[in-house]
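Hi,

Here is the model I promised to pass on. Have a look first, and my notes follow below.

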Amino acid sequence: MAVIKPVVLRSLRRALGNLGGERAPVIAGHKLLYRCNLECRMCPFWRREDEELLGLADEIRIMDALAHAGVSFLGFEGGEPLLRRDVGEILREAHDRFHTSMVTNGWLLEQRLSEVAPHLDLLFVSLDGIGETHDRLRGIPRSFDRATHGIRLARSEVPTVISHTVTRENLDQAEKVVELAEQLDVGLTVQIAYDYRAADPLSPRPETLRPVIEQLRDLRKSGAPLLESVEYFDAILGSWFEGDPWHCKPWLTINIDPAGRIVLPCYVLQEYQGSLPVWAVNIRELWNEFDWAPYTSCNRCALACYLEPSLFRWTDFAALRDRVIGGAVHYLQRTPRTSSRAASERRVQIDTPAP
Ligand SMILES: C[S@@+](CC[C@H](N)C(=O)[O-])C[C@H]1O[C@@H](n2cnc3c(N)ncnc32)[C@H](O)[C@@H]1O
Ligand code: SF4
Ligand code: SF4
């Protein structure tokens with residue numbers, strides 16, 4: 001089971017400050033690069049040129065600034081983070097300071113797992129459907145086989161979670177992906193594709209999305225290994241289909257681009273374009289000077305790293321554990337769905353060979 005590090009207490013103090021009017025980030029995301037070995041249709045990032053990448057010393061400066069601001073959870077992504085030769089060293093430094101996670105397309109896990117696993121509390125591997133559906137969305141053949149092979153290797157080394165992006169082209173795959181997670185005995189997190197300007201517009205149409213969100217909520221209620229809370233799915237249904245918006249709190253999450261710049265006000269609205277270098281500002285001052293008011297009613301995206309913390313009852317310590325690191329705890333402790341037996345009986349159809 002994941003253990004809450006002392007840094008969580010620091011975050012709780014900040015979070016309680018959030019209740020009292022002082023704003024502070026608790027969760028951080030950091031793209032280590034934009035370059036990628038896949039070409040996902042809904043993704044703008046692999047299409048960008050990287051500037052010169054930061055070295056370990058600058059990565060540590062970013063971490064120190066984040067820790068000083070009160071951040072307790074640091075998630076790495078990209079681009080493809082496993083393309084960074086120094087990713088193991090970066091993660092080791094990060095794990096000394098934060099709860100850590102990384103999201104990867106899984107292609108390079110066979111080669112790089114031993115460098116990263118010891119320094120991660122959670123590993124997310126992206127899967128956007130079964131077999132050909134995933135490969136078509138990811139633009140490169142054999143991506144599904146490589147990702148599932150990586151998951152099989154990783155799951156005994158580090159708590160591992162499938163990250164599934166719902167697009168208009170894989171709406172029929174949600175239950176199959178839940179079943180695959182159960183077969184592989186890993187967790188599952190879902191997000192809904194957002195239409196970035198520089199990517200194919202694949203976000204699902206509302207009328208076709210609604211039944212999938214309801215299905216995922218029901219699967220979650222019946223014990224599927226989903227990290228998202230039932231409230232997360234209810235918030236999407238309430239806002240996008242019933243006119244009952246959630247109160248977005250983008251200040252709880254801070255994102256840092258590959259050059260060390262802060263993405264303000266959030267990942268989505270700036271299409272992940274950073275502005276202020278993290279070491280040139282006092283994050284806590286910036287957070288309390290910035291005008292967040294226009295964004296609280298935004299509800300444009302349902303990225304879990306913003307929506308879940310926006311739903312926290314910040315006085316509830318168990319909620320912090322369960323929703324940030326303990327999503328993993330939830331799936332390790334859950335009672336398997338009764339239908340998971342049926343899923344294992346269908347294994348022949350959706351299980352995959354190692355590449
Ligand atoms: C940008 S990728 C970076 C990490 C790694 N390359 C991977 O694919 O896991 C991080 C996550 O963003 C998701 N993603 C890509 N395009 C998206 C979009 N348009 N809307 C929402 N999520 C998206 C991916 O499926 C992946 O799970
Ligand atoms: S979603 Fe991840 S794997 Fe796909 S192109 Fe974007 S960065 Fe690469
Ligand atoms: S709902 Fe709006 S303000 Fe909140 S994270 Fe998404 S895009 Fe940003």
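How do the residues of the shell around ligand 1 divide into nonpolar, polar and charged? There are ten nonpolar, seven polar and two charged (Ala, Val, Leu, Ile, Met, Phe, Trp, Tyr, Cys and Pro count as nonpolar, Asp, Glu, Lys and Arg as charged, and the others, Gly among them, as polar).

Before going on: this is a predicted model, where local features need pLDDT of at least 70 and side-chain atom pairs count only at pLDDT 80 or more, while totals for chains, interfaces and linings use all residues. Residues are numbered from 1 along each chain as its sequence is written, and chains are lettered from A and ligands numbered from 1 in the order in which they are written.

Back to ligand 1: of its 19 surrounding residues (C-beta, placed from the backbone, within 6 Å), Met42, Cys43, Ser126, Ser163 and Thr165 come nearest. Strands S3 (99-104) and S5 (160-166) are the elements giving two or more residues to that shell (strands are DSSP E runs of at least two residues, helices H or I runs of at least four, numbered from the N terminus).

Around ligand 3 you'll find ten nonpolar residues, one polar and one charged. Among them are Cys248, Cys266, Cys298, Cys301, Asn299 and Arg300.

Then the helices. The axes of H4 (109-116) and H6 (143-154) come within 10 Å and cross at roughly 30° (axes are lines fitted to C-alpha atoms over the stretch in contact, with angles from 0 to 180 degrees between N-to-C directions). H4 and H6 are therefore roughly parallel (under 35 degrees; over 145 is roughly antiparallel, 65 to 115 roughly perpendicular and the rest oblique).

Cheers
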